[in-house]
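Q: Hi! I've got a structure open and I'd like to walk through it with you. Could you help me read it?

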Amino acid sequence: ITNEMVENCAPFSASASNFQNIVNQYKNGYVVAHNYSYDRDVLENNGIVLPKKSICTWRIATKLFMDVDEVAETNLPYLRFALKLDIPIEMRCHRAGYDSLITGHLLETMIYLLIEYGMLDQNADIGEQLCELSNSPIIYKRMPFGKHKGQLMTEVPTSYWNWAMKNTSWFDESADDFNADL
């Protein structure tokens, strides 16, 4: 998203109260987003109070496709095409309405796959199961980024972990890029 893409758009503050009113109608429901922690932080920094229950389609996709070689990425634009979601091509990513629609289609597709793979019980509350799956830790089998990306976690040299502990904020709970899953 560039400044040029949003230069003619109204600031969020102009619609924040309308947005909060919509959220309030579903205060006992679930908030669903792709990379929920980012959206949550942006909305909360703008004074929006969100429901307590959240489902992050990025976290679920990361768990679901971790061992699927045919799915190389878990970002929304990639998954849209890799999973052949039924979304018209003119609906471009990085637009709130379109991203919401794409995320909804992604969630629906993943629910079917999770049931097929035995990761969801279709006879139990699907929302609660998705919430739990979304909010439980990602147990990485392979390094998700950096110079050892793709390498088995057990094969990442101890010297790299020592370097990361001293030189990154991945393990600092107060940092923006803290990675609780690591």
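Q: Let's start with strand β1: which residues are on its covered face and which on the uncovered one?
A: Happy to help, and keep in mind that this is a predicted model. In β1, which spans residues 30-33, Val-31 and Ala-33 make up the covered face, while Tyr-30 and Val-32 are on the uncovered one.

Q: Which strand do bridges join β1 to, and how many are there?
A: Strand β2, residues 53-56, is joined to β1 by four bridges, and the two run parallel. As an example, Val-31 has Ser-54 as its bridge partner in β2.

Q: What unit do β1 and β2 make with helix α3?
A: Together with α3 (residues 36-45), they form a β-α-β unit that is right-handed.

Q: Cool. Switching to helix α7: what do its buried residues pack against?
A: They pack against β1, β2, α4 and α6. The buried residues in question are Gly-127, Gln-129, Leu-130, Cys-131, Leu-133 and Ser-134.

Q: Why does Ser-134 count as buried?
A: Its relative accessibility is 1%, and buried means under 20%, so Ser-134 qualifies. Leaving aside residues up to four places away in sequence, Ser-134 touches Ser-54, Ile-55, Cys-56, Arg-59, Ile-60 and Lys-63.

Q: And what caps the N-terminal end of α7?
A: That's Asp-125, with a side-chain oxygen 2.9 Å from the backbone nitrogen of Gly-127.

Q: New topic: helix α8. Which residues are buried there?
A: In α8 (residues 158-167), those are Tyr-160, Trp-161 and Ala-164. Looking down the helix axis, the buried residues of α8 fall within an arc of 100°, so they line one face. On the other side of α8, Thr-158, Ser-159, Met-165 and Lys-166 are exposed.

Q: How many aromatic pairs does the count come to?
A: The count is seven aromatic pairs. Take Phe-145 and Trp-170: their ring centres are 4.7 Å apart and their planes are at 70°, so this pair is edge-to-face. Phe-145 sits in the loop between α7 and α8 and Trp-170 in the segment after α8, so the pair ties together parts 25 residues apart in sequence.

Q: Is Trp-170 buried or exposed?
A: Trp-170 is buried, at 14% relative accessible area, whereas Phe-145 is partly exposed at 24%.

Q: Which residues do the ring pairs link into a cluster?
A: The cluster consists of Phe-145, Tyr-160, Trp-161, Trp-163, Trp-170 and Phe-171.

Terms used
Residues numbered from 1 in each chain as written. Predicted model: local features only at pLDDT ≥ 70, side-chain atom pairs only at ≥ 80, totals over all residues. Heavy atoms only, no water. Buried < 20%, exposed > 50% of the residue type's maximum accessible area, 1.4 Å probe, protein only. Arc of directions from axis to C-beta. Contact = heavy atoms within 4.5 Å. Pairing = 2+ DSSP bridges. Right-handed = clockwise from strand over helix to strand, strands pointing away. Polar contact = N/O pair within 3.5 Å; in protein donor to acceptor, adjacent residues only side chain to side chain. Phe/Tyr/Trp six-rings, centres within 6.5 Å; stacked < 30°, edge-to-face > 60°.
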